[in-house]
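Morning, everyone. I have one structure to walk through today. Please bring it up on your screens.

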Amino acid sequence: MTEPASAIRPTHTRHVVLALIVGAYMITYMDRVNIASAVPVIQKDMGFSMVTIGWIFASFRWGYAFFQIPGGWLGDRIGGRRALAFVVVWWSIFTSLTAFAWSAASMGVCRFFFGVGEAGAFPIATRSLSRWMLPTERGFAQGITHASSRLGAALTPALVVLLMIRFGWRMPFFVFGLIGLGWAAAWYWYYRDTPGEHPRINPAERRMIEDSIGVRDVAVAAVPWKRILRSPSLWTLSLMYFCYGYSIDIYLDWFPKYLNEHRGFNLTQMGIYASLPLLAGAAGDLLGGTVSDFCAARFGNLKAARRVVALAGFLLATIFILPATFTHHSTASVLYSCVAVFGLEVTVGVSWAIPLDIGGDYAGSVAAIMNTFGNLGSAVSPVLLAYLVRSYGWNTPFLVCAVLCLAGAALWLGINADKKIIWDAAVPAKSAV
């Protein structure tokens with residue numbers, strides 16, 4: 001006797017999709033922070049000043065910021081399968097080409113075009129998830145993907161140091177580029193733009209997704225930019241993410257150098273201790289999104305569930321940046337920094353859930369605008385830090401960071417996850433009788 005369709009357990013195809021995106025997020029941060037761990041060796045080999053390194057860091061961020069919106073648009077127009085595979089191949093090529101840089105200008109050009117490719121990653125991935133993840137899984141999904149990015153960043157310093165000791169500073173860039181090319185092939189082979197297209201999903205899982213978020217077309221006819229850009233929530237969200245982007249960039253780009261130059265750690269110690277705040281950040285990413293989803297499901301108040309968690313994260317970061325900056329004990333500074341980065345990252349899964357909450361089918365474009373502002377903050381951060389350190393020492397950049405975290409907390413008071421910019425045009429699927 002044939003088992004009734006209602007009794008068939010859903011497959012977990014959406015979780016495999018999520019796992020692939022987890023891998024992509026990990027690779028994005030491995031590729032972007034490998035240069036931070038190589039900086040002490042690059043400076044000695046190439047003769048670059050700290051300000052020159054700051055501009056090289058910034059070249060990636062400017063490419064990344066300027067192409068956020070085109071990247072999100074590309075995903076909304078042609079779908080996540082083709083768009084994400086394309087951008088990963090693009091940035092992986094320029095990751096490897098960094099190994100062949102012969103001057104500050106050539107390295108800056110490689111990092112700029114690397115940033116152009118990575119710009120589409122998060123908006124396209126967000127849009128790809130919007131077709132697959134249930135609303136009650138979105139905070140967790142964004143939390144675990146961003147946790148994986150920080151885990152990738154945390155693993156990178158030690159790996160880069162090992163490769164540099166054995167093969168020189170150029171080898172990590174070449175190796176990491178090959179990893180990205182392998183992921184792009186796996187993504188294009190497995191992912192489909194809608195559950196209905198996927199050969200490995202069963203009717204029970206497809207019905208569960210479609211009953212929750214409706215039936216979606218593969219591509220969207222046009223992005224309603226006027227309606228999106230008129231949303232006050234979007235601009236508040238974007239300014240908040242500027243504060244976050246400036247702050248986290250200090251730990252991604254400059255923390256290894258800070259430990260080596262200001263706190264007196266040698267190269268091996270730097271590789272180990274620079275990983276610790278990023279590991280703490282990975283825990284914060286996972287916890288923030290999970291707690292927010294739990295509160296939304298338990299209390300039925302999405303607005304409060306998103307806002308309270310993010311507010312707590314920014315305030316925690318503000319409080320712990322101060323002792324991390326002023327303590328005379330180097331190890332204690334790292335431990336306080338771990339708590340500060342943990343707080344910063346608690347906000348991330350929640351922040352990236354908001355485009356899914358309010359953007360509907362245009363989540364990629366909404367996420368692209370938010371991330372543009374975040375990366376404008378990240379573009380300003382490395383250059384400004386280099387000048388601030390040269391003029392005032394290492395404490396001043398961290399004090400600026402604390403002020404921006406406090407501003408980020410205040411801006412979260414104006415973000416409402418219940419107020420959609422775009423109401424989904426999807427037609428709800430009919431439940432089985």
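**Rings, bridges and a patch**

A search of the whole structure finds 24 aromatic pairs. Bear in mind that this is a predicted model.

Take one of those pairs, Tyr258 with Phe398. The ring centres are 5.0 Å apart, and the planes meet at 55°, so the pair counts as tilted, because edge-to-face needs over 60 degrees. Where do the two residues sit? Tyr258 is in helix α11, and Phe398 is in helix α17, residues 395–412. They are 140 residues apart in sequence, so the pair ties together two separated parts of the chain. Both rings belong to buried residues. Tyr258 has a relative accessible area of 2%. Phe398 comes out at 4%.

This pair is part of a cluster. Ring pairs link Tyr258 and Phe398 with Phe57, Tyr251, Trp254, Phe255 and Trp394.

Stay with helix α17 for a moment. It has 18 residues, which at 1.5 Å a residue should span 26 Å. The end C-alpha atoms are 27 Å apart, and that agrees. Which residues of α17 are buried? Phe398 is one of them, and the others are Pro397, Cys401, Ala402, Leu404, Cys405, Gly408, Ala409 and Trp412.

Now to the salt bridges. How many does a search of the whole structure find? Three.

Start with Arg32 and Glu118. Their closest N and O atoms are 2.9 Å apart. Arg32 lies in helix α1, residues 13–46, and Glu118 lies in helix α5, residues 104–118. That is 86 residues apart in sequence, so this pair also ties together separate parts. Are the partners buried or exposed? Arg32 is buried, at 3% relative accessible area. Glu118 is buried too, at 0%.

Next, Arg61 and Asp249. Here the closest N and O atoms are 2.9 Å apart. The pair links distant parts of the chain, 188 residues apart. Arg61 is in helix α2, residues 50–66, and Asp249 is in helix α11, residues 232–261. Arg61 is buried, with a relative accessible area of 2%. Asp249 is buried as well, with 0%.

The remaining bridge joins Lys257 to Glu261. Their closest N and O atoms are 3.4 Å apart. Both residues are in helix α11. They are four residues apart, which means about one helical turn separates them. Their surroundings deserve a look. Lys257 is buried, at 10% relative accessible area. Glu261 is partly exposed, at 42%. Why is one called buried and the other partly exposed? Because buried means under 20%, exposed means over 50%, and partly exposed lies in between.

On to helix α15. It runs over residues 330–359, which makes 30 residues. At 1.5 Å a residue the expected span is 44 Å, and the end C-alpha atoms are indeed 44 Å apart. How many of the 30 residues are buried? The count is 23, so α15 is largely enclosed by the rest of the structure.

Ser333 is a good example from this helix. It is buried, with 1% relative accessibility. Set aside its neighbours within four places in sequence, and Ser333 is in contact with Tyr258, Arg263, Ala324 and Thr327. Tyr258 is the ring from our tilted pair with Phe398.

Helix α7 comes next. It covers residues 138–167, and Arg138 is found there. Arg138 is buried, at 8% relative accessible area. Which distances separate Arg138 from Ala353? In sequence, 215 residues; in space, 6.0 Å from C-alpha to C-alpha.

Last stop, the surface. There is a nonpolar patch of about 600 Å². Its members are Val89, Ile93, Leu97, Phe100, Phe174, Leu178 and Leu181. Which helices each supply at least two of its residues? Those are α4, residues 80–97, and α8, residues 171–190. Ile93 is a case in point, with its place in α4. Ile93 is partly exposed, at 42% relative accessible area.

To recap: 24 aromatic pairs, three salt bridges, a largely enclosed helix α15, and a nonpolar patch of about 600 Å² at the surface.

Definitions and conventions: Residues are numbered from 1 along each chain as its sequence is written. This is a predicted model: local features need pLDDT of at least 70, side-chain atom pairs count only at pLDDT 80 or more; totals for chains, interfaces and linings use all residues. Side-chain values use heavy atoms; hydrogens and water are left out. The expected span of a helix is 1.5 Å times one less than its number of residues. Buried means under 20% relative accessible area, exposed over 50%, partly exposed in between (1.4 Å probe, protein chains only). Patches are made of residues with over 30% relative accessible area and no salt bridge: like charges are joined within 9 Å, nonpolar side chains (Val, Leu, Ile, Met, Phe, Trp, Tyr) within 5 Å. Accessible areas come from the Shrake-Rupley method with a 1.4 Å probe; for residues, only the protein chains shown count as cover. A salt bridge is a side-chain nitrogen of Lys or Arg within 4 Å of a carboxyl oxygen of Asp or Glu. Contact means heavy atoms within 4.5 Å. Rings of Phe, Tyr and Trp (its six-membered ring) pair if their centres lie within 6.5 Å; planes under 30 degrees apart count as stacked, over 60 as edge-to-face and the rest as tilted.
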